[in-house]
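Let's take a walk through this protein together. Have the sequence and the 3D view open as you read.

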Amino acid sequence: MFGLYARERKSVSSMAHLRFFPQAVVGGSGAYLTADDGRRLLDFAASWGAASLGHSHPAVRAAVDRALSNQAGASYLSSANEACVLLAEKLLSLVPERARGRVWFGHSGSDANETVARMVVAATGRPRILAFDGAYHGGTVGSMAVSGHPAQQGTRAAGLTLVPYPNSYAAGTPQAASEAALAHLDRLFETEVAPHEIAAFFIEPIQSDGGMLVPPDGFFKAVEERCRRHGILIVSDEVKVGLGRSGRFNAFDHSGIEPDIVVFGKGLGGGLPISAVVGPEAIMNHAVAFSLQTVHGNPVCAAAALAVLETIERDRLAENAARTGRVLRDGLNALARRHALIGDVRGHGLALGVELVGDRAGRAPATRETALTVYRAFQLGLVLYYVGVRSNVLEFTPPLTLTENEAREGLAILDQALADVAAGRVDEALLADFAGW
């Protein structure tokens with residue numbers, strides 16, 4: 001390690017690090033980052049999806065410049081500001097009718113989900129929450145408390161009950177995965193948790209950090225029916241997979257459901273820190289000063305977010321995600337026919353996962369090979385991270401502006417990386433300082 005990365009190790013805390021290789025960047029444009037050694041890196045991670053429009057997008061730059069040129073304060077705590085009102089009005093137009101009440105703004109998906117977890121319990125008087133095994137709803141104390149990812153170092157809420165997310169690959173078929181998960185939920189309601197005590201069910205329409213799992217057709221409609229029967233609110237965490245990434249504006253649209261509360265984050269700000277919760281007035285206006293931080297509702301970040309939403313619509317980026325995602329997925333399926341490491345390819349649009357296995361019959365997780373693959377890809381010029389409860393799923397969340405040619409370029413790099421790992425040409429010692437998940 002050298003240069004900027006080595007300097008960072010001497011000056012910056014590692015408590016917020018999740019590192020896979022010695023990546024150090026000094027700039028970026030579109031789908032490419034500029035490394036401190038001058039290399040151009042094709043970015044298939046987009047900072048975990050946060051750089052939704054890529055890097056240095058002109059619409060975001062212009063919006064930020066206008067907002068800073070005549071700055072309307074720094075917050076919406078004690079003063080309405082135009083950027084927040086415009087953004088709230090826009091978000092309300094983009095969610096189902098049952099969620100179309102009020103909007104709360106935060107900094108990240110973490111503080112947004114934490115706020116929702118506190119809010120639904122307080123507003124309904126019901127003390128319990130459901131979420132999925134493997135779910136990652138954030139990194140704050142309150143959002144970790146309603147998550148189910150094994151890598152998190154937090155204490156889960158006393159009222160949290162985790163249920164299995166259907167994994168079609170592990171179960172053998174989507175039908176088997178769906179039936180097992182629904183049967184578990186029904187047994188839970190009958191024998192362990194009184195449904196009338198459950199305030200909300202936190203769902204991920206695609207479980208991203210848990211392994212980019214796609215629910216079987218009809219699964220969430222069945223979950224929705226059970227929630228409606230028992231008066232349980234449905235909270236859709238769209239933080240990573242929403243905002244056009246799945247090929248539709250809202251990822252829950254693939255399941256045909258209407259959540260009560262929708263949580264946005266990551267890509268909403270196009271790289272700037274902002275999140276939003278959209279839900280019914282009775283819940284969202286439960287109490288004043290219930291969840292606030294000094295620069296919540298920052299007008300500069302809100303202006304950037306509005307520019308992101310307008311760009312997604314104007315440039316038809318959800319359609320681009322669907323179209324380019326098909327090219328990427330077809331290419332990944334072609335790689336699966338050549339590389340025995342690839343066990344499964346799944347996802348929607350530009351939210352894709354590739355599960356790596358030691359052998360396809362036993363489906364044992366190829367955890368070490370996964371870490372070596374992303375490291376080798378980085379050496380070859382591709383930024384790609386991995387997720388999953390067993391750290392063996394390559395995650396693809398590139399900018400929504402990704403072109404088909406860029407998708408093919410990344411596929412060629414990944415092809416070489418997989419070949420090098422399979423042939424033992426990547427030194428395992430490289431991973432000594434990179435624990436990943």
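## The second largest pocket

Keep in mind that this is a predicted model. Its second largest pocket has a volume of about 630 Å³. Several elements chip in two or more residues each to the lining: helix 3 (82-92), strand 4 (102-106), helix 4 (109-124) and helix 9 (281-284).

How many residues line the second largest pocket? There are 25, and the ones that lie nearest the centre are Y76, V103, W104, M284 and N285. As for chemistry, 18 residues of the lining are nonpolar, six are polar and one is charged.

And how do you find a space like that in the first place? Rolling a probe the size of a water molecule over the atoms shows where empty space is left.

## Three strands, two hairpins

Now scroll to strand 1 (residues 25-29) and strand 2 (residues 32-35). These two run antiparallel, joined by four bridges. One of the pairings links S29 to Y32, its bridge partner in strand 2. Together, strand 1 and strand 2 make a hairpin with two residues between them. In that turn you'll find G30, with a positive phi of about 60°.

Strand 2 also pairs with strand 3 (residues 40-43): three bridges join them, and again they run antiparallel. Here Y32 turns up once more, with L42 as its bridge partner in strand 3. The hairpin of strand 2 and strand 3 has four residues between the strands, and G38 takes a positive phi near 90° there.

While you're looking at strands, here's a handy rule: in a regular strand the side chains alternate between the two faces of the sheet.

## T324, a residue in helix 11

Next, find T324 in helix 11 (residues 317-338). Is T324 buried or exposed? T324 has a relative accessible area of 0%, so it counts as buried, the cut-off being under 20%.

What does T324 touch, once you skip residues up to four places away in sequence? The list is L350, L402, T403, E404 and A407.

## D420, a residue in helix 13

Finally, head to D420, which lies in helix 13 (residues 404-422). D420 has a relative accessible area of 3%, so this residue is buried too.

Which residue does the side chain of D420 reach through a polar contact? The partner is the side chain of R425, at 2.8 Å. Leaving aside neighbours within four places in sequence, D420 is in contact with R376, L380, R425 and V426. So R425, the partner in the polar contact, is also part of that contact list.

Definitions and conventions:
Residues are numbered from 1 along each chain as its sequence is written. This is a predicted model: local features need pLDDT of at least 70, side-chain atom pairs count only at pLDDT 80 or more; totals for chains, interfaces and linings use all residues. Side-chain values use heavy atoms; hydrogens and water are left out. On a 1 Å grid over the protein atoms alone, a cavity is a set of points where a 1.4 Å probe fits but cannot get out, and a pocket is an open set with protein on both sides within 12 Å along at least five of seven lines; lining residues have an atom within 4 Å of a point. Grid points are joined across faces, edges and corners, and a volume is the space filled by probe spheres set on the points. Ala, Val, Leu, Ile, Met, Phe, Trp, Tyr, Cys and Pro count as nonpolar, Asp, Glu, Lys and Arg as charged, and the others, Gly among them, as polar. Two strands pair if DSSP finds at least two bridges between them. Buried means under 20% relative accessible area, exposed over 50%, partly exposed in between (1.4 Å probe, protein chains only). Contact means heavy atoms within 4.5 Å. A polar contact is a pair of N or O atoms within 3.5 Å; within protein, one must be able to donate a hydrogen and the other to accept it, and residues adjacent in sequence count only if both atoms are side-chain atoms.
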